[in-house]
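Trainee: I have a model open and I keep meeting labels that I would like to trace back to their cut-offs. Could we go through them together?
Mentor: Happily; let us put it on the screen and take one label at a time.

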Amino acid sequence: MATVTEPTTAAPQPAQVPEHGTGETVDFHVFRGTPEAPSGDKAYQVPMVPGMVVLDAMHWIQKHVDTDLAVRWNCKAAKCGSCSAEVNGHPVLLCKTRVDEMPAGPITVRPMKTFPLIKDLVTDVSGNFAVNQKITPFTPSAADAASPEPWRIKEPDIERLYEFRKCIECFLCQDVCHVLRTHDLHERFYGPRFFVRVAGLEMHPKDVADRRDLVREDGGLGYCNITKCCTEVCPEHIHITDNAIIPMKERVVDRHWDPIAWVGRMLGRK
């Protein structure tokens, strides 16, 4: 589980220059507050250390200045997806964002805009897990489910799914998606992360469920206009638009608007 730093009773320790610091300081403007009492950005000066990432700076602030700064994190290796936030307006993983690669000037650190604020840099992403529960899970055929033998799948039939399995559920793609971020259509749109999940299930050679109507009607797939902003922010470099969303759109089109398929469905009803 992710670690969320909450207020402590210990007094802040005196600010100290790190042993291996460069002697320079970096200005950070960090959002502070809760939905009931948003304080806005607070300025901090953090000693620079070679190779420092933004999450390091947040930890320094917690230890030396404000012990009640809340930030979600866990592995600090860009694999758990916990420390998602927005740095200089861009959705990123704090543990993967190097300070020495940032442009000159104050570095702003704010919570993800798309999700409800809990405190400081921590947002409520539980709505994503509610969406996940709506998706029909992996469904093998009755014969495959009953077979005592291991399934045998040819590599070309399964290799396209490896990319989708890299998702760490950081929800940066959900955060940057304009359908959720700007238009707030959370109740009508699953979002990029879950179109990736559906694509992975639909393309699995052993899955027999049909989720095309689900993503078209409940998932709102048609709202996506393939701007590829989700692909641009993915820390695992998943080609969300090209390899998941567009193929799903093609499958929906084949089902509902392909004239030959339409005739087949009509004949099947008679």
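**From values to labels**

Mentor: Start with Arg255, which is partly exposed at a relative accessible area of 25%. Keep in mind that this is a predicted model.

Trainee: Why is Arg255 called partly exposed?
Mentor: Buried means under 20% and exposed means over 50%, with partly exposed in between. Arg255 has 25%, so the middle label applies. This residue is found in helix α11. From C-alpha to C-alpha, Arg255 lies 8.8 Å from Asp213, although 42 residues separate the two in sequence.

Trainee: What makes Ala78 count as buried?
Mentor: The relative accessibility of Ala78 is 13%, and the limit is under 20%, so Ala78 counts as buried. Lys76 has 37%, so that residue is partly exposed. Ala78 is found in the loop between β4 and β5, and Lys76 is in the loop between β4 (72-73) and β5 as well.

Trainee: What is notable about phi in Lys76?
Mentor: Phi of Lys76 is near 55 degrees, which is positive in a residue other than glycine. Ala78, also not a glycine, has a positive phi of about 60 degrees. For background, most residues other than glycine have a negative phi.

Trainee: How do you know that α8 is largely enclosed by the rest of the structure?
Mentor: By the burial count: 10 of the 11 residues of α8 are buried, so this helix is largely enclosed. The buried residues include Arg193, Phe194, Gly200 and Leu201. For the chain, 42% of the 270 residues count as buried.

Trainee: Which helices do the buried residues of α8 pack against?
Mentor: They pack against α2 (126-134), α5 (162-165), α6 (172-176), α9 (212-218), α10 (229-233) and α11.

Trainee: How do α8 and α11 pack?
Mentor: Helix α8 (residues 192-202) and helix α11 (residues 240-256) pack at an angle of about 65 degrees, and their axes are 9 Å apart. That makes α8 roughly perpendicular to α11, because the label covers 65 to 115 degrees. As for handedness, α8 passes α11 in a left-handed crossing.

Trainee: Which residues make that contact?
Mentor: From α8 they are Pro192, Phe195, Val196, Val198, Ala199 and Glu202, and from α11 they are Ile240, Ala244, Ile245, Met248 and Arg251. Sorted by class, the contact of α8 with α11 has 9 nonpolar, no polar and 2 charged residues.

Trainee: Now the strands. What makes β2 and β3 a pair?
Mentor: Two strands pair if there are at least two bridges between them. Strand β2 (residues 25-33) and strand β3 (residues 38-47) have 9 bridges, so they pair, in the antiparallel sense. A hairpin joins β2 to β3 through 4 residues. You can follow the match on screen: Asp27 is opposite Gln45 in β3, and Phe31 is opposite Asp41 in β3.

Trainee: Why do β5 and β7 count as paired?
Mentor: There are 2 bridges between β5 and β7, and the rule asks for at least two, so they count as paired. Those strands run antiparallel, whereas β2 and β7 run parallel and are joined by 3 bridges. Look at Val109 in β7: Val30 has Val109 as its bridge partner, and Val87 has Val109 as its bridge partner too.

Trainee: What is the order of the strands in the open sheet?
Mentor: The order is β3-β2-β7-β5-β6, an open sheet of 5 strands with mixed pairing. Here β3 and β6 (90-93) stand at the edges: each has a single partner strand, so one side of each is left without a neighbour in the sheet. On average, neighbouring strands of this sheet are turned by 30 degrees against each other, direction ignored.

Trainee: Which helix lies across β2, β3, β5 and β7?
Mentor: Helix α1 (residues 54-64) lies across β2, β3, β5 (84-87) and β7 (107-110), and runs at about 100 degrees to β3.

Trainee: And how many helices and strands does the chain have?
Mentor: The chain has 12 helices and 9 strands. Among its contacts with a separation of 6 or more, 66% come from residues 24 or more positions apart.

Notes:
Residues are numbered from 1 along each chain as its sequence is written. This is a predicted model: local features need pLDDT of at least 70, side-chain atom pairs count only at pLDDT 80 or more; totals for chains, interfaces and linings use all residues. Side-chain values use heavy atoms; hydrogens and water are left out. Axes are lines fitted to C-alpha atoms, for helices over the stretch in contact, and angles run from 0 to 180 degrees between N-to-C directions. Angles under 35 degrees count as roughly parallel, over 145 as roughly antiparallel, 65 to 115 as roughly perpendicular and the rest as oblique. A crossing is left-handed if the near helix is turned anticlockwise from the far one by less than a right angle, and right-handed if clockwise. Contact means heavy atoms within 4.5 Å. Ala, Val, Leu, Ile, Met, Phe, Trp, Tyr, Cys and Pro count as nonpolar, Asp, Glu, Lys and Arg as charged, and the others, Gly among them, as polar. Buried means under 20% relative accessible area, exposed over 50%, partly exposed in between (1.4 Å probe, protein chains only).
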